[in-house]
Amino acid sequence: MKQEIAPRQSALRFAFSRPGFCTFRLPDGATADPARAVTATFARTSGVSLGKVSGGDPAELARALCAAIDERLPESPRHVHIWRRDRALPGDPGFDPNDAAAQRSAVLEVRPGLVLNEHAAADDAIVDCVIVEPNEWWLGWHRASGAVPESRWPGGVPNIAAPAGMISRAYLKMTEALLWSELPVEAGDRCVEIGSAPGGSCLALLERGCAVTGLDPAEMDPTVLAHPRFTFVRARAKDAKRSVFDGCRWLVSDANVAPTYTLDTVEPIVTAAGARVEGLLLTLKLTDPRHAARLPAFEARVRGWGYRRVHTRQLALNRQEVCLAATDRRLVSSRE
Ligand SMILES: C[S@@+](CC[C@H](N)C(=O)[O-])C[C@H]1O[C@@H](n2cnc3c(N)ncnc32)[C@H](O)[C@@H]1O
């Protein structure tokens with residue numbers, strides 16, 4: 001994230017940081033915009049710092065937080081988002097940024113009118129309270145944007161409940177990807193997923209009413225296989241017949257291969273004569289951390305296929321990988 005920000009926002013100076021939490025200093029006299037403090041693929045959320053509060057227990061910290069809100073914030077907020085900096089990878093034991101029930105109760109004791117860890121609405125002022133250490137909370141604030149869904153979620157993580165008997169974490173990952181990308185996926189749409197086994201993400205799309213084709217050399221979960229709107233093609237994407245992609249509106253890839261392999265697989269599908277793939281949700285596995293520096297080149301390649309809106313984000317449910325969303329397609333005439 002630091003490497004990503006350094007060339008784009010060169011005025012920022014790295015300041016206090018811990019794994020999962022980073023602060024930057026502005027040049028003297030400069031002010032930060034609370035509507036969009038820092039945007040980066042690897043920054044889950046950002047805000048303008050209000051400093052920190054310290055205390056021996058949640059009750060003391062909560063009193064200090066409320067005093068700081070009154071003293072340091074230019075306006076009175078309704079929303080407070082309290083979360084922990086990440087100490088573990090998503091999916092690993094101990095990963096739960098929203099595991100802050102005791103801290104939230106302590107804040108509500110002091111200020112019962114506050115709305116804690118709810119999704120906010122466009123233009124709402126949000127106080128960000130990051131539990132950096134048990135006795136040290138860092139405070140910031142930002143303004144939620146109607147155009148940036150993650151700016152409205154606590155810590156940039158949407159409140160998604162895991163269904164009973166969830167097939168794979170990819171169910172949550174797909175749900176987060178759809179919320180973040182705001183792709184207009186509708187009931188009846190044809191979707192194809194490359195790397196579909198065991199089937200969590202296919203299930204999330206089936207629940208939206210889509211007709212889904214899964215492509216994978218591995219086995220699918222029987223619940224997904226039995227779904228009347230699901231078709232399984234047991235093959236690697238490059239070995240599948242082109243007709244598998246006929247009528248595909250949304251193409252998803254979650255194959256555990258290097259990013260260039262994913263892009264090499266997707267390119268001939270979306271640029272084939274007659275293809276009308278409107279949008280993409282591609283998981284790009286950062287099998288080598290150096291791939292992170294190549295994300296702008298990967299995005300440019302996808303724009304070259306005619307997609308005008310291309311974004312990448314390390315979703316809360318992404319491990320060593322990012323999600324690339326592409327939409328708003330202008331069909332490239334030379335290939336039509
Ligand atoms: C992370 S898992 C996918 C999880 C899945 N999306 C879900 O919702 O459960 C990665 C999958 O990619 C598949 N895969 C790897 N290379 C592939 C290829 N070239 N074509 C299709 N699938 C591939 C693997 O067999 C594996 O099942």
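Reader: Which elements make a right-handed β-α-β unit here?

Author: Happy to start there, with the reminder that this is a predicted model. The unit is right-handed. Its helix is α5, residues 200–207. The full set of elements is β8, α5 and β9.

Reader: In which sense do β8 and β9 pair, parallel or antiparallel?

Author: In general, strands of a sheet pair through backbone hydrogen bonds, in one sense or the other. Strand β8 covers residues 190–194, and Cys191 stands opposite Val212 in β9. Five bridges link β8 and β9, and their sense is parallel.

Reader: How many bridges join β9 to β10?

Author: Let's look at two positions along this pairing. Thr213 has Thr231 of β10 as its bridge partner, and Leu215 stands opposite Val233. Strand β10 spans residues 230–233 and runs parallel to β9, and the number of bridges is four.

Reader: How many residues of β9 are buried?

Author: Strand β9 runs over residues 211–215. Buried here means under 20% relative accessible area. The strand is mostly covered, and of its five residues the buried ones number four.

Reader: Which strands stand at the edges of the seven-stranded sheet?

Author: The sheet is open, with mixed pairing and the order β10-β9-β8-β11-β12-β14-β13. An edge strand has a single partner, so one of its sides is left without a neighbour in the sheet. The strands in that position are β10 and β13.

Reader: By what angle are neighbouring strands of this sheet turned against each other on average?

Author: This value ignores the direction of the strands. On average, the turn between neighbours in the sheet is 15°.

Reader: Why do the buried residues of α8 lie on the same side?

Author: Helix α8 spans residues 295–303, and its buried residues are Leu295, Phe298, Glu299 and Val302. They share one side because the arc they cover around the axis is only 100°.

Reader: Which exposed residues does the opposite face of α8 carry?

Author: First, the covered side: α7 (259–270), β12 (279–285), β13 (307–313) and β14 (321–329) are among the elements covering the buried residues of α8. The face turned away from that buried side carries the exposed residues Pro296 and Ala297.

Reader: At about what angle does α8 run to β13?

Author: Two helices are worth viewing here. Helix α7 lies across β8, β11, β12, β13 and β14, at about 160° to β12. Helix α8 lies across β12, β13 and β14, and its angle to β13 is about 155°.

Reader: Why does the pair of Phe16 and Trp138 count as stacked?

Author: Five aromatic pairs are counted in the model. Planes under 30 degrees apart count as stacked. The ring centres of Phe16 and Trp138 are 4.8 Å apart, and the pair is stacked because the angle between their planes is 10°.

Reader: How many residues apart in sequence are the parts that this pair ties together?

Author: Phe16 belongs to strand β1 (residues 13–18), whereas Trp138 belongs to strand β7 (residues 136–143). Phe16 is partly exposed at 26% relative accessible area, while Trp138 is buried at 12%. Because the two rings sit in those strands, the pair ties together parts whose separation in sequence is 122 residues.

Reader: And Phe230 with Phe232: which of the two is buried?

Author: These two form a stacked aromatic pair, 6.4 Å centre to centre and with 20° between the planes. Phe232 counts as partly exposed, at 24% relative accessibility. At 8%, the buried one is Phe230.

How values were computed. Residues are numbered from 1 along each chain as its sequence is written. This is a predicted model: local features need pLDDT of at least 70, side-chain atom pairs count only at pLDDT 80 or more; totals for chains, interfaces and linings use all residues. Side-chain values use heavy atoms; hydrogens and water are left out. Buried means under 20% relative accessible area, exposed over 50%, partly exposed in between (1.4 Å probe, protein chains only). The arc is that of the directions from the helix axis to the C-beta atoms. Contact means heavy atoms within 4.5 Å. Two strands pair if DSSP finds at least two bridges between them. A crossover is right-handed if, with the strands pointing away from the viewer, the path from the first strand over the helix to the second runs clockwise. Axes are lines fitted to C-alpha atoms, for helices over the stretch in contact, and angles run from 0 to 180 degrees between N-to-C directions. Rings of Phe, Tyr and Trp (its six-membered ring) pair if their centres lie within 6.5 Å; planes under 30 degrees apart count as stacked, over 60 as edge-to-face and the rest as tilted.
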